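Here are some exercises to work through with the structure open beside you. Try each task before you read its solution.

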Amino acid sequence: MKYLKVIAFTHKQIELKDLGKLVICQENLADKLQQVKAQFQIPEIFYLATCNRVEFVMASAEPVDKDFTQKFIQALHIDLCPMHLNTFIEGASIYEDQEALNHLLRTSCSLESLVVGEKEILAQLRKAYESCRAAGLTGDYLRMVMNTVVKTAKEVYTHTNISRHPISVVSLAYRKLKDLKQCSNARVLIIGAGETNRNISKYLQKHKFSNFAVFNRTLANAEKLAADLNGEAYDLEALKTYNKGFDVIITCTSATLPVITTEIYASLLQGDTSRKTIVDLAVPNDTAAEVLEQFSVNYIEVNSLNEVAKKNLQERYQELVHAERIIEQNIDEFLPLLKQRRVEVAMRQVPEKIKEIKHAALHTVFADEVQSLDEQSRLVLEKVINYMEKKYISVPMVMAKEIMINNN
């Protein structure tokens with residue numbers, strides 16, 4: 001386990017409004033990770049960003065500490081001022097070895113989430129890993145780690161009541177929106193067609209909301225969500241000229257700069273002076289701070305859900321204890337599996353070496369003797385050698401696995 005490292009920036013140590021400054025634009029993500037992977041000689045790495053965390057998971061023999069973290073963040077060229085950089089370095093949680101695995105398992109089971117019991121985090125974690133795997137950033141080691149991460153989360157959600165009557169950031173946001181008593185024919189602008197907005201759209205549909213316009217950077221994705229909602233689809237640029245008015249904005253994009261600026265918001269209002277509602281679940285926020293200063297807005301965002309989330313944690317305490325036991329069991333099961341895999345990888349060349357020895361014996365060292373045998377004798381000899389070959393391959397590997405497990 002000495003190679004597993006995690007650098008985590010979460011809602012526990014860092015304000016959510018600041019956390020967004022660490023989010024890397026998806027368009028540049030693979031290139032940036034490839035760059036730091038090469039610079040710091042990190043064999044495997046993937047990146048996770050959700051509404052309450054930014055994490056870097058890596059397999060590396062190099063020590064990871066605060067000094068390394070500072071150099072690592074600077075190498076990503078996220079354009080942080082010295083004050084913010086210092087805040088992030090001081091607030092970073094660094095996990096190594098078994099603690100790193102424990103952290104990842106707790107994260108996948110939502111025990112580290114703002115809202116304990118939400119299942120979205122597992123999907124987000126898998127998607128983040130798969131994206132980096134497809135970009136060639138991960139390998140066999142993190143594949144094994146992720147297999148255990150997924151297995152553990154599924155067991156926790158299956159065998160505990162931690163996600164019973166599930167509460168998520170999305171559901172909490174909808175509760176706050178519902179408290180504002182919007183009528184079902186309210187004009188709803190949905191900015192972003194990702195998983196979070198798809199989920200909150202389901203709540204809106206369930207409660208008879210029916211007047212939707214969907215905006216997204218990729219028009220095809222906007223069209224898919226709009227089709228599900230019987231709404232209209234637009235690309236993101238169309239926000240600047242949209243003139244049909246609105247009552248509620250639901251926004252969650254991966255943009256690193258505000259999508260809703262004062263100019264765009266004023267244009268969307270079309271002269272309407274009534275108080276509107278913005279549900280902003282993006283990190284960093286999609287809404288410019290100046291919008292809240294200059295306009296009358298009911299504003300719902302992730303940070304405002306903290307108190308409800310704390311109550312949720314207290315209500316699920318007993319389930320946390322049960323989940324912790326499942327996590328411990330999976331860690332105990334993972335360690336011998338990892339050791340076995342190391343043996344398998346280390347001994348990959350054994351079969352080829354055995355085949356080379358067999359070939360040399362039959363065709364070089366004892367070639368003349370073999371040729372002097374009659375056909376029946378040669379068949380018997382071949383059977384004997386093939387049998388020996390299989391045993392020389394399997395027996396040492398089995399013994400090596402047993403020795404490694406028993407000695408540890």
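**Exercise 1. Which charged end sits over the ring of Phe-246?**

Solution. Start with the ground rules. This is a predicted model, in which local features need pLDDT of at least 70 and side-chain atom pairs count only at pLDDT 80 or more, while totals for chains, interfaces and linings use all residues. Residues are numbered from 1 along each chain as its sequence is written, and side-chain values use heavy atoms, with hydrogens and water left out.

Next, the test: a charge sits over a ring if NZ of Lys or CZ of Arg is within 6 Å of the ring centre and within 35 degrees of the ring normal. The residue you want is Lys-276, whose charged end is 5.6 Å from the centre of the Phe-246 ring.

**Exercise 2. Work out whether the chain is a compact globule or more spread out.**

Solution. Step one is to take stock of the elements: the chain has 17 helices and 10 strands. Both are DSSP runs numbered from the N terminus (helices: H or I, at least four residues; strands: E, at least two).

Step two is the radius of gyration, taken over C-alpha atoms, and the globule rule, 2.2 Å times the number of residues to the power 0.38. For 408 residues the rule gives 22 Å, but the chain comes out at 28 Å, well over that, so it is more spread out than a compact globule.

Step three is to look at the C-alpha trace, which spans about 100 × 45 × 40 Å along its principal axes.

Step four covers burial and surface. Buried means under 20% relative accessible area, exposed over 50%, and partly exposed in between (1.4 Å probe, protein chains only). On that scale, 46% of the 408 residues are buried. The chain exposes about 21,000 Å², with 51% supplied by carbon and sulfur atoms; areas come from the Shrake-Rupley method with a 1.4 Å probe, and for residues only the protein chains shown count as cover.

**Exercise 3. Find the residues that touch the most other members of the largest nonpolar core.**

Solution. A nonpolar core is a set of buried Ala, Val, Leu, Ile, Met, Phe, Trp, Tyr and Cys residues joined through side-chain atoms within 4.5 Å. The largest one has 100 residues, and Phe-9, Phe-56 and Phe-72 touch the most other members. Helix α7 (residues 140-159) is the top contributor, giving 10 residues.

Now zoom in on Phe-72. Skipping neighbours within four places in sequence, Phe-72 is in contact (heavy atoms within 4.5 Å) with Val-36, Phe-40, Ile-42, Ile-45, Phe-56 and Met-58. There's also a second, separate core of 20 residues, including Ile-249, Leu-269, Val-291 and Val-297.

**Exercise 4. Classify the ring pairs Phe-40/Phe-68 and Tyr-174/Tyr-203.**

Solution. Rings of Phe, Tyr and Trp (its six-membered ring) pair if their centres lie within 6.5 Å; planes under 30 degrees apart count as stacked, over 60 as edge-to-face and the rest as tilted. That rule yields 14 aromatic pairs.

For Phe-40 and Phe-68, the centres are 5.2 Å apart and the planes are at 65°, so call this pair edge-to-face. Phe-40 is in the loop between α2 (26-39) and β2 (44-50), and Phe-68 is in helix α3 (residues 66-75), 28 residues apart. Both Phe-40 and Phe-68 are buried.

For Tyr-174 and Tyr-203, the centres are 5.6 Å apart and the planes are at 25°, so this pair is stacked. Tyr-174 lies in helix α8 (residues 169-179) and Tyr-203 in helix α9 (residues 195-206), so the pair ties together parts 29 residues apart in sequence. Tyr-174 is buried at 6% relative accessible area, while Tyr-203 is partly exposed at 27%.

To finish, look around Phe-40 again: Phe-40, Tyr-47, Phe-56, Phe-68 and Phe-72 form one aromatic cluster.

**Exercise 5. Check the backbone at Gln-41, Gln-270 and Pro-284.**

Solution. Keep the background in mind: most residues other than glycine have a negative phi, and most peptide bonds are trans.

- Gln-41 has a positive phi of about 50°; this residue is in the loop between α2 and β2 and is exposed, with a relative accessible area of 63%.
- Gln-270 has a phi near 50°, also positive; this residue lies in the loop between α11 (262-269) and β9 and is partly exposed at 47%.
- Pro-284 follows a cis peptide bond from Val-283, with omega near 0°; Pro-284 lies in the loop between β9 (276-280) and α12 (289-294).
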